[in-house]
Amino acid sequence: MPPTLASVVRSSSLHLTVLAGADQLERPVRWVHTSELDDPTPFLEGGELLLTTGIKLGKAAAKLQAYVHRLADAGVVGLGLGVGLSHTEVPQALVDAAAQRGLPLIRVPEATPFIAISKAVSAALAAEQYEAVTTSFEAQEELTRAALGKDGATAVVRRLAARLGGWAALYDGSGALSAVAPDWAARRAGRLAAEVDRLRRRPAPSSAALQGRAPGIDTADEDYVVVQSLGADRRPRGFLAVGTEDRITPTERYVLNAAVALLTLTLERSRELRQAEERMGAALLGMVLAGEIVTARQVAAGLFGGLPEGTVRVLVGGAGPTADPEALGELGDRAEQAGTRVGERLLISREDGPNGPRLIVLAPDNGAAHRACLGAVEEHEGLALGISAAASVEEAGTAFAQAERALAVALRGGRRAVDHEEVGAGSLLPLLGEEAVTAFAEGLLRPLRDHDRTARGDLVASLRAWLSRHGQWDAAAADLGVHRHTLRYRMRRVEELLGRSLDDTDVRMELWLALRSGED
């Protein structure tokens, strides 16, 4: 702690006497300044003990009162008047003015040089700085050892709380509480959800300070709380909150900053491991979507404990032109964190699709990851989600095609989430109006129907079979009773006549709607 006026006055070698403001002596002294100006405030920063002999002050009560007001307004913590030169004793008007403003007024005897007071304060400030450096170094060593040990992040939180004499809490990237110390602080940490959520929407690093009855803190608590986001690339990877009885000191701020740096490094290191796992998970998901279930189960058993069990859904996320570039990545993080908290098995892949980056999630139906995705798209402008029908893992390829079509509808319609049932049941067609649908279908399919009237090969029927089988060549060829190479030739002919690529999910969606409109 910096020296206070009380510690300066208690110095027996200085022989100082307090004449006013005795109840304000616990104010910290940041510096000692000597000035004989009647207005020294342009040269002050606040926190000073000002020493003067009062050469230009005179004895007029109004002038002395104005002088005291100027000092108090400038943040001076105390005024020392040296007697024996301009004033044989401290003017009573000065004492009264200082008492009125609550400004400590100190009588400095003639035998005590101002330099002695300056040296005493300077020595105390140097001692404080040495203690701060020593304490900070010791704390950093202690926190570093904790970070390198087992359960590193949790251990850092425990040591930090002990060092600050308060409590500390760590939240993951979604804002969920992951560690708290001591245990009794869990309720207080839980009440900061709104503040953590506000920081989650801002680039890292960022922070917020709350005290007493501030939003997010229970009215019964009077903690001073600091919340800090953790992350090295602008996207918050987690959040740290600390609560103390009083405002944290500069030394405690050093300790807190050391903890923030170590936790950021820990989270970034964990992120690198997760990225490696994600690459393996993406490859595994590709096997599942390609129908290689037996091989996928063998691989998943060794790496992830198996594939998702029971009924699943495929969710495909995409970003429109107004979306934050970071939003799609956060969608994946939210899904992963939500699934991990409850022990869900899920597979996630981030890739570039025909219409830009997209996120593919294979997750238990209506599970934590599923719900987290729905919540995330509601929070981010321009983010959209296509959701398949409930399916088994063996049907994931079909479910993926359903989710792709649903995503295309969501992006075209500016919607946050579209379920396959809305597309598969044709419920979107009535929204367009019968005349509009008919004109749209006729214009889109006319080149194919003109071809079928004059040439061999039923392109409309072949396209319908291929789309209904979600691009699975063997299954669609079997429905048509032709060889898959014949079907591939027909689909290339479709692309040539339409001048559009069937790899584009928007194109497939439009063609499917056009074909369905002809059936209704």
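## Cores, a pocket and arginine 334

In the largest nonpolar core, which has 30 residues, Val288, Leu307, Val314 and Leu362 touch the most other members; such a core is a set of buried Ala, Val, Leu, Ile, Met, Phe, Trp, Tyr and Cys residues joined through side-chain atoms within 4.5 Å, buried meaning under 20% relative accessible area with a 1.4 Å probe and protein chains only. Helix 12 gives the largest share of this core, nine residues. Apart from it lies another core, of 29 residues, including Leu143 and Leu256.

This is a predicted model, in which local features need pLDDT of at least 70 and side-chain atom pairs count only at pLDDT 80 or more, while totals for chains, interfaces and linings use all residues. Residues are numbered from 1 along each chain as its sequence is written, and side-chain values use heavy atoms, with hydrogens and water left out.

Arginine 334 is placed in helix 10 (residues 327-342), helices being DSSP runs of H or I with at least four residues, numbered from the N terminus. Arginine 334 counts as buried because its relative accessibility is 11%. Its side chain makes a polar contact with that of glutamate 379 at 3.2 Å, that is, a pair of N or O atoms within 3.5 Å, where within protein one must be able to donate a hydrogen and the other to accept it, and residues adjacent in sequence count only if both atoms are side-chain atoms.

The lining of the second largest pocket divides by class as follows.

| Class | Lining residues |
|---|---|
| Nonpolar (Ala, Val, Leu, Ile, Met, Phe, Trp, Tyr, Cys, Pro) | 11 residues |
| Polar (the others, Gly among them) | seven residues |
| Charged (Asp, Glu, Lys, Arg) | nine residues |

Notes. Helix = DSSP H or I, 4+ residues; strand = E, 2+ residues; numbered from the N terminus. Buried < 20%, exposed > 50% of the residue type's maximum accessible area, 1.4 Å probe, protein only.
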